[in-house]
Amino acid sequence: MAMAVGDDPESLMSLVTVFCLKNLRRTMCYSEQNRLRLRPDVFLPSEICDRLVHAYVDLVHTDSEFEPLDGFFQLFSDPRSTRVTRLHLRDDFIRDRDLEALAKQDLMELQLSSCTRVTARGLRTLLSFRHSLLSLSLFGSSSLFFRPACEEEEEEEEEEDVRTHTLDRSFSFQGFRRLRVLNVGGLTPELDVESLLTPLPSLSSLDLSGARVPRPAFLAQWRERLASLVLYNVELTEELVHTLLLMSKLRHLDISRENQRSSKFKMTRKILSSLAQSLVDLVSLDISGHIMLDNVTVPALEDALGRPSIEPSKSSIYPFQELKRPLQFLGLYNTTLCTVTHIPAYKVTGSKNEDQILNAIEAYTEQRPELAHRAINQLFDIARIQHCSQLLRALQLVITALKTHKYDKSIQVTGSAALFYLTNTEYRSDQSVCLRRQVIQVVLNGMEQYQEVTVQRNCCLTLCNFSIPEELEFQYERVNLLLLKILEPLRQDESIQRIAVHLCNALVCQVDNDHKEAVGKMGFVKVGQFCVVHVC
């Protein structure tokens, strides 16, 4: 029998890692004075430590029954027993003390994505890594450049708005001579980008998304080194374009925008031609969100000739006829250029068809949820009205978006709506048990995080696409508790409550007596005005 798509089992390493994290005291740790400590006979190499930390962060975000462990990062404080080289941390459960616990490690790669509770105290900890760090991302973590009015109380001021804190201008990248990759996207506009970055002579990749660049000429100091430059939502000017044309080593250039309304700049045929002629090593270009002047594309009759081609000489976009080879990636999302026939690139983002939309979700989910949200909404229309031909890829991309942006309401609304159509009967035979379980888990995450009517309705309707109780049994108690909450008398939306009643009856009437007894103890038999379960 053919295996369903996405039916690859989890690796033994993944299973063991999760088991250890959920059973630290039974595996590699012991308790001393209510603190976790690593057993003295344990040594963990970097491959294991990096995996443990990554899996821990993922569990905190995706497993509602897994609570953050106080002092977890302290387990990795001693480089004689643990080696951490690559650290990817995100969102607001990361604190200054977590970074400080790792200060003795020789980190080579550090990502702090949207770590809004890490302050200037954590920024000072970065100095501990200046001799070893090769790659650093501070995307969405501008709170690092602010210090609380009273630093001794900063751990207690968890809910305080960072904007009430004081900007710390004292930090310098002086001494980070090995740093090659830097992402400071979302940097607070009060900081002077030029003075902050000047001490970094060896950069080969730089992301300045959303930054103010009033004097772009300073970027020319990396003209012989920089291979990747991201200027998403950076206002383009003639001076900035002139500087870009000097950077002949660029292989990846992103000058895209969120939308056309926010910019006075118009993309001309001359500018695109200059980029194609001057940046001869370019393999990836993103110009999404720009207003394109009419003279950029060939006439409609010429565009319609022949089968779609990626050969530059046949390009429907005049300036790209000068490319020496097709681009690996071309971002054309929210532009008129994505609709033409002949585009000289292997992967294109846009809204013309399913492939372009999926490429957009894939490219923008991690750091541009505002664009991913639009693209998922367009995928929703395809799944609802037409037919999704790349089901596995579509499901995996939506699941990733929902996991990555657990706290983004717009992603949760559009993502849960898309899942309803992508898991219906039409597509069911192509989905594996593993994939469908992933869908159930992100749906339940959404129900826990958002009491908002639209999210709750989308999630309940999606659960109706599954075989009940068989497919929900692995999360049986969790599903029942969430449905019970929907049936509370204070909830006003009767349509959702009717769906919840249907799910409850299906969950209870077709299971063994042990399950029936368990849900009876939860209070299912009578909740408010509803008689939910009649014993079968």
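Buried means under 20% relative accessible area. The model discussed here is predicted.

Q: What makes C29 count as buried?
A: The relative accessible area of C29 is 0%. The cut-off is under 20%, so C29 is called buried.

Q: Why is C388 called buried?
A: C388 has a relative accessible area of 2%. That value is under 20%, so the term applies to C388.

Q: Why does C29 form no disulfide?
A: A disulfide is a covalent bond between the sulfur atoms of two cysteines. The pair must lie within 2.5 Å. The closest cysteine sulfur to that of C29 belongs to C20 and is 9.2 Å away, therefore too far for a bond. For the structure as a whole, the number of disulfides is 0.

Q: How many cavities of 30 Å³ or more are there?
A: The count is 5. The largest has a volume of about 70 Å³, and the second largest about 50 Å³.

Q: What makes up the lining of the largest cavity, by class?
A: The lining has 5 nonpolar and 3 charged residues, with no polar ones. Its residues include A276, L279 and V280, as well as E322, K324 and R325. Ala, Leu and Val count as nonpolar, and Glu, Lys and Arg as charged.

Q: Which helix gives the most to the lining of the second largest cavity?
A: Helix 13 does, with 4 residues. Helix 2 (46-62) and helix 11 (391-404) each supply at least two. Among the lining residues are H61, L402 and N445. By class, this lining has 2 nonpolar, 6 polar and 2 charged residues.

Notes: Residues are numbered from 1 along each chain as its sequence is written. This is a predicted model: local features need pLDDT of at least 70, side-chain atom pairs count only at pLDDT 80 or more; totals for chains, interfaces and linings use all residues. Side-chain values use heavy atoms; hydrogens and water are left out. Buried means under 20% relative accessible area, exposed over 50%, partly exposed in between (1.4 Å probe, protein chains only). On a 1 Å grid over the protein atoms alone, a cavity is a set of points where a 1.4 Å probe fits but cannot get out, and a pocket is an open set with protein on both sides within 12 Å along at least five of seven lines; lining residues have an atom within 4 Å of a point. Grid points are joined across faces, edges and corners, and a volume is the space filled by probe spheres set on the points.
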